[in-house]
Amino acid sequence: MKNKKKLIAVIVSVAVVLIALIVTVIVVSVRKNRAPALETVRGRFEQVLGASGEINEIFWGKGLPTYPRVYEEVATLRASYGEQTKKLAAYTRNDERYGTVVIYKYWLYFSPSGGEVDNDEIFYDFEKGAIIQTGKPDDAHNYRFAVRSETPIEGKTPNEFLASSMDTGDQTYYYYSIDDYDVDRVFIYQDTDDENYDFVRLDCGYLTVDDIKLAAEKVYSPSYLASVNESLFTGMTTGSAMLYARYVDQEDADSGSTALVKYNKDKGLVLTEWVYDFSTMRIVDGNATFVTVELDRYPVGNEGARERSTQRFSLENGEWYLDSPSY
């Protein structure tokens, strides 16, 4: 009987110890899994929310700017140097400010015997009738610009070079030069270019798909990006329908170089540019690796349209990221 009581006492003691250990483990686990204090993550949350607008616009808004496909006709300029005659390309496009703009290449190179520049090549400016002593023009300045009008424009000087050299059939046009036209807006598409994709402007800050991905990876969580990267950069097939990737690195078959292009059938969403009132931020739910916050925001220039916004963040690879789109 005495031994039985001792056994029961031992069992009870062990049970008490186990319960205490379990409670301790639970308490420690709960504490470790608590959402972080707002002040310890506020700076990071503000940083990624502030940077998310640009990524949202690239992913789901209008997207990166592209060179327009608005060249309505192609003409030819006839130019001669000595006994040699060559042709130069000329294009027209509609412009909101100038009307019909003529974009024309003004130079070509020749390789006569005893050439006056290195490698026996002469770069000749047909419009000015002079050799370009500085060598071949760079790609950004291959073209000059003029406005086309069927009637004289008061105060403007005719462009005699275009008037005498342009192959326009029976039509006669009056031209004058544009000195301040933005050369960065000029891009000549080829017949072999994919009609579904337009070239992204070289001055927009993104030259490849990887450039976009690197910028997005500073804002959105790896797990969230994994859920959208295929539709954005690879494309998807759903049943018999093909969903084109929004951005692709297109390779030039001749040079092997690549250029960033954007799917031109996807016009994107009209996104609001938000101002966040970070002083109103508070954590409403979460744990050590996932947090939901609420804060006020309003459209730029319209604080009266203030609204309460919910944003989610996740901790991945030791850093906090947005885990859902913030637009």
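The bend at a residue is the angle between axes fitted to the seven residues ending there and the seven starting there. With that in mind, select helix H2 (38-59) in this predicted model and centre the view on Ser52, where H2 bends by about 35 degrees.

Keep H2 selected and show its side chains. Those that are buried include Leu38, Val41, Phe45, Val48, Leu49, Ile55, Ile58 and Phe59, and Ser52 at the bend is buried as well. Polar residues of H2 also appear among the buried ones, including Arg42, Arg44 and Asn56.

Next, colour the largest nonpolar core, which has 34 residues, and look for Phe59 and Ile212, the two that touch the most other members. H2 gives the most to this core, with eight residues, while H4, helix H5 (222-234), strand E14 (274-286), strand E15 (290-299) and E17 each supply at least two. In soluble globular proteins, nonpolar side chains tend to be buried together.

Now select Ile212 and display its surroundings: leaving aside neighbours within four places in sequence, Ile212 is in contact with Ile58 and Phe59, and also with Leu64, Tyr206, Phe233, Tyr247 and Leu260. From there, move to Tyr106, Phe123, Phe126 and Ala146, which are among the 21 residues of a second, separate core.

Go on to Arg201, in the loop between strand E9 (197-199) and helix H4 (209-216). Is Arg201 buried or exposed? Its relative accessible area is 15%, and because buried means under 20%, Arg201 counts as buried. Its side chain makes a polar contact with the side chain of Asp203, at 2.7 Å.

For a contrast in setting, select Asn317, in the loop between strand E16 (307-316) and strand E17 (319-322). Asn317 is exposed, with a relative accessible area of 74%, and has a positive phi of about 55 degrees although it is not a glycine. Most residues other than glycine have a negative phi.

Finally, zoom out to the whole chain, whose secondary structure comes to five helices and 17 strands, and in which 37% of the 327 residues count as buried. Among contacts with a separation of 6 or more, 58% join residues 24 or more positions apart. Colouring by confidence completes the tour: the chain averages a pLDDT of 82, and 78% of the residues score at least 70. Residues 23-31, however, have a pLDDT below 50, and beyond near neighbours in sequence this stretch has zero contacts in the model.

Notes
Residues numbered from 1 in each chain as written. Predicted model: local features only at pLDDT ≥ 70, side-chain atom pairs only at ≥ 80, totals over all residues. Heavy atoms only, no water. Helix = DSSP H or I, 4+ residues; strand = E, 2+ residues; numbered from the N terminus. Buried < 20%, exposed > 50% of the residue type's maximum accessible area, 1.4 Å probe, protein only. Polar contact = N/O pair within 3.5 Å; in protein donor to acceptor, adjacent residues only side chain to side chain. pLDDT = per-residue confidence, 0-100. Contact = heavy atoms within 4.5 Å. Core = buried A, V, L, I, M, F, W, Y, C linked by side-chain atoms within 4.5 Å.
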